Amino acid sequence: MADPCLPPVLVIPTDRELGWFPAGTRPGHRAALQALLGPTRARALAALETTVTNGELARRLGVSDGAASRHVKALRQANLANTRREGNRVLHLLTPLGRALLQGDLPAAPS
């Protein structure tokens, strides 16, 4: 039963698996990234295609600020992301390796 004193809330369902990958990302590559990194961390990598704050990353992923920070830390440890401070803001962005992995531009492994 709804409370008539509260303002109405509009909820728009979204598919969190899509939309944060670059437009040219092949579905097979997207699935491979999700299998390698896990679905949330793969979306975090894709969300870093543009420089974002921790709060913006958390909103895009639908997770807490702490969880977003932990995902970025793991991506930094793998040399896939960088973090820099600008004034009182902390900004996250891809490294060249992270961008290459996201776009599928890594060289083939030697056989």
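## The hairpin

Let's start with one pair of residues: Glu-86 has its bridge partner in S3, and that partner is Arg-89. The two strands involved are S2, covering residues 81-86, and S3, covering residues 89-94. (Strands are DSSP runs of E, at least two residues long, and helices are runs of H or I, at least four long; both are numbered from the N terminus.) S2 and S3 run antiparallel and are joined by 6 bridges; for a pair to count, DSSP has to find at least two. Further along, Thr-83 sits opposite His-92 in S3, while Ala-81 has Leu-94 in S3 as its bridge partner. There are 2 residues between the strands of this hairpin, and Gly-87 has a positive phi near 65°.

## How far to trust it

This is a predicted model, so local features need pLDDT of at least 70 and side-chain atom pairs need 80 or more, while totals for chains, interfaces and linings use all residues. Numbering starts from 1 along each chain as its sequence is written, and side-chain values use heavy atoms, with hydrogens and water left out.

pLDDT is the predictor's confidence in each residue, on a scale from 0 to 100. For the protein chain the mean is 81, with 76% of residues at 70 or more. Residues 15-19 are a weak spot: pLDDT stays under 50 there, and the model has 8 contacts for them beyond four places in sequence. (A contact means heavy atoms within 4.5 Å.)

## The rest of the sheet

Which strands make up the open sheet, and in what order? There are 3, arranged S1-S3-S2 with antiparallel pairing. S1 (52-53) and S2 are the edge strands, each pairing on one side only. S1 is joined to S3 by 2 bridges, and the two run antiparallel. Here Val-52 stands opposite His-92 in S3, and Thr-83 is opposite that His-92 too.

## Where H4 meets H2 and H3

H2 (residues 39-47) packs against H4 at an angle of about 75°, with the axes 10 Å apart. That makes H2 roughly perpendicular to H4, a label for angles of 65 to 115 degrees (under 35 is roughly parallel, over 145 roughly antiparallel, and the rest oblique). The axes are lines fitted to C-alpha atoms, for helices over the stretch in contact, and the angles run from 0 to 180 degrees between N-to-C directions. On the H2 side are Thr-40, Arg-41, Ala-44 and Leu-45, which meet Arg-70, His-71, Ala-74 and Leu-75 in H4.

H3 and H4 pack at about 100°, their axes 8 Å apart, and are therefore roughly perpendicular to each other as well. H3 brings Asn-54, Gly-55, Leu-57 and Ala-58 to this contact, and H4 brings Asp-65, Ala-68, Ser-69 and Val-72.

## The nonpolar core

The largest nonpolar core has 19 residues, and those touching the most other members are Leu-33, Leu-45, Leu-48, Leu-57, Leu-75 and Leu-102. (Such a core is a set of buried Ala, Val, Leu, Ile, Met, Phe, Trp, Tyr and Cys residues joined through side-chain atoms within 4.5 Å.) H2, H3 (54-61), H4 (65-77) and H5 each give two or more residues to this core. H2 gives the most, with 5 residues.

Leaving out residues up to four places away in sequence, Leu-75 touches Arg-41, Ala-44, Leu-45, Leu-48, Leu-80 and Ala-81. In H5 (residues 96-103), Gly-98, Ala-100, Leu-101 and Leu-102 are buried. Just after H5 comes Gly-104, with a positive phi of about 75°.

## Two threonines

Is Thr-95 buried or exposed? Thr-95 lies in the loop between S3 and H5 and counts as buried because its relative accessibility is 4%. (Buried means under 20% relative accessible area, exposed over 50%, and partly exposed in between, using a 1.4 Å probe and protein chains only.) Beyond four places in sequence, Thr-95 touches Asn-79, Leu-80, Ala-81 and Asn-82.

Thr-40, over in H2, counts as partly exposed because its relative accessibility is 22%. Apart from neighbours within four places in sequence, Thr-40 is in contact with Leu-61, Val-63 and His-71. Thr-40 and His-71 are 31 residues apart along the chain, and 8.2 Å separates their C-alpha atoms.
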